[in-house]
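Notebook open, model loaded. I want to go through the aromatic rings, then the cores, then the surface.

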Amino acid sequence: MTRRWDFLTFYGLGFVVFLYAPVLLLPLFSFNDNIFAIFPLKGFTLKAYAQLADDSKLQAAVWNSITVGFWVAVISTALGLLAAMAVTRYRLPGKGPVVGTIMLPLVIPSIILGVALLVLVRQVFDIELSLWCVAAGHILLCTPFSMLVLISRLEGFDKNLEEAANDLGENGWMTFWRVTFPLAMPGVISSLLMSFTTSFDEYVLAFFLSGIDQTLPIYLWSMLRFPQRLPITLALGSSILIISTIIVVVSEVLRRRGVQTEKPSGL
C-alpha cells in the first residue's frame with residue numbers, strides 16, 4: 001500500500017515539529033556554557049548538572065513534589081476506581097448529577113479553584129497552609145481524570161467474566177480482586193502515572209496552598225527571575241524530560257500488553 005503525502009500529513013508533521021522542537025532543545029542548551037539559551041552555543045559544560053546536584057533547596061522542592069505526587073496518585077486512583085466501579089456496575093439514583101459534580105474541577109479555572117480552596121482552608125477551617133493542603137487540592141483535581149480513565153477501562157472488557165466468577169461461588173470482593181482488578185490493571189497504572197504527573201506539574205493550586213514548603217513548579221518559577229539560574233533550570237528540565245519519556249514508554253508498553261492479554265476465549 002502506497003503512503004499518500006497529502007496536506008493533512010504535512011500539517012501533522014509540521015504540528016509535531018512545532019510542538020516538540022522547543023522541548024527537544026532543552027537538553028542541548030543545558031550543556032551550553034552560557035547563561036543565555038541562544039545560538040551559537042558557546043561551549044560544552046556540565047556545570048549546570050553539577051549545580052543541580054549541589055542545590056539542596058531545589059532537591060527539597062523536588063522531593064516535596066514527588067511526595068505529594070505519590071500520595072495524590074494513590075488516593076486519586078483509589079477514589080477514581082471506587083467511583084468508576086459504582087458508575088459502571090451499579091444503578092445509582094441521580095448518577096448524572098453526581099458524576100457531573102465530580103467532574104466540575106475539570107472545567108473550573110485553576111485560579112478560581114485555588115482561591116476558593118484558600119478561603120475554605122484558611123477562613124472556614126483555619127488550617128495552616130502546608131503540603132497536605134496542596135495534596136488535598138490535587139486530589140480534588142486528579143480524581144475526575146482517574147475516574148474517566150478507569151470508567152473507560154472497566155467498560156472495555158467482557159463483564160461475563162465477573163458473572164462467571166459469581167456463578168462459581170466467589171463473593172463480590174474476591175470477584176473484584178481476582179477478576180476485575182487484574183483486568184483493570186493497565187487502567188490503574190495509567191491513572192497512577194497521569195495523576196502523578198498532573199500533581200507534579202501543577203502550579204496554581206500549589207501556589208495558593210503550599211505555605212512555606214515549596215513544590216518544584218513554584219521553586220522553578222522563582223528561579224526564572226534570575227538569569228544566572230537559567231542553566232540549572234534547563235538541566236533540571238532535561239532530566240525531567242528524560243524521566244518522563246521513560247515513564248510514558250513503560251506505560252504504553254504495559255497498556256499494549258494489557259490489550260493483548262485481555263482478549264479471552266469464549267466461556
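**Aromatic pairs**

I started in helix H8 (residues 172-201), where phenylalanine 196 and phenylalanine 200 sit 4 residues apart, about one turn of the helix. Helices here are DSSP runs of H or I with at least four residues, strands are E runs of at least two, and both are numbered from the N terminus. A note on provenance: this is a predicted model, local features need pLDDT of at least 70, side-chain atom pairs count only at pLDDT 80 or more, and totals for chains, interfaces and linings use all residues. Residues are numbered from 1 along each chain as its sequence is written, and side-chain values use heavy atoms, with hydrogens and water left out.

Searching the whole structure, I got 6 aromatic pairs. Phenylalanine 196 and phenylalanine 200 are a stacked pair, because their ring centres are 5.8 Å apart and their planes are at 25°. The rule takes rings of Phe, Tyr and Trp (its six-membered ring) with centres within 6.5 Å; planes under 30 degrees apart are stacked, over 60 edge-to-face, and the rest tilted.

Are these two rings buried or exposed? Phenylalanine 196 is partly exposed at 24% relative accessibility, while phenylalanine 200 is buried at 16%. The cut-offs are under 20% relative accessible area for buried, over 50% for exposed, and partly exposed in between (1.4 Å probe, protein chains only).

Next I looked at phenylalanine 207 and phenylalanine 208: centres 5.5 Å apart, planes at 80°, so this pair is edge-to-face. Phenylalanine 207 is partly exposed at 48%, and phenylalanine 208 is buried at 18%. Both belong to one aromatic cluster with Tyr203 and Trp221.

**Cores**

Which residues touch the most other members of the largest nonpolar core? I found Val68, Val72, Leu117, Val134, Leu205 and Leu209, out of 17 residues in that core. A core here is a set of buried Ala, Val, Leu, Ile, Met, Phe, Trp, Tyr and Cys residues joined through side-chain atoms within 4.5 Å. Helices H3 (56-89), H5 (110-124), H6 (131-154) and H9 (204-209) each put in at least two residues, with H6 giving the largest share, 7 residues.

I then checked valine 72. Not counting residues up to four places away in sequence, valine 72 touches Thr77, Ala135, His138, Ile139, Cys142, Ser195 and Ser199; contact means heavy atoms within 4.5 Å. Apart from the largest core lies another, of 15 residues, including Ala83, Val87, Ile151 and Val188.

Serine 146 in helix H6 caught my eye: it counts as buried at 0% relative accessibility. With neighbours within four places left aside, serine 146 contacts Ser76, Thr77, Gly80, Ser191, Met194 and Ser195.

**Whole chain and surface**

The protein chain has 11 helices and 0 strands. Buried residues make up 34% of its 267 residues. Of the contacts between residues at least 6 apart in sequence, 73% join residues at least 24 apart.

The chain exposes about 16,700 Å², with carbon and sulfur atoms supplying 70% of it; accessible areas come from the Shrake-Rupley method with a 1.4 Å probe, and for residues only the protein chains shown count as cover.

Last stop was phenylalanine 15 in helix H1 (residues 7-30), partly exposed at 44%.
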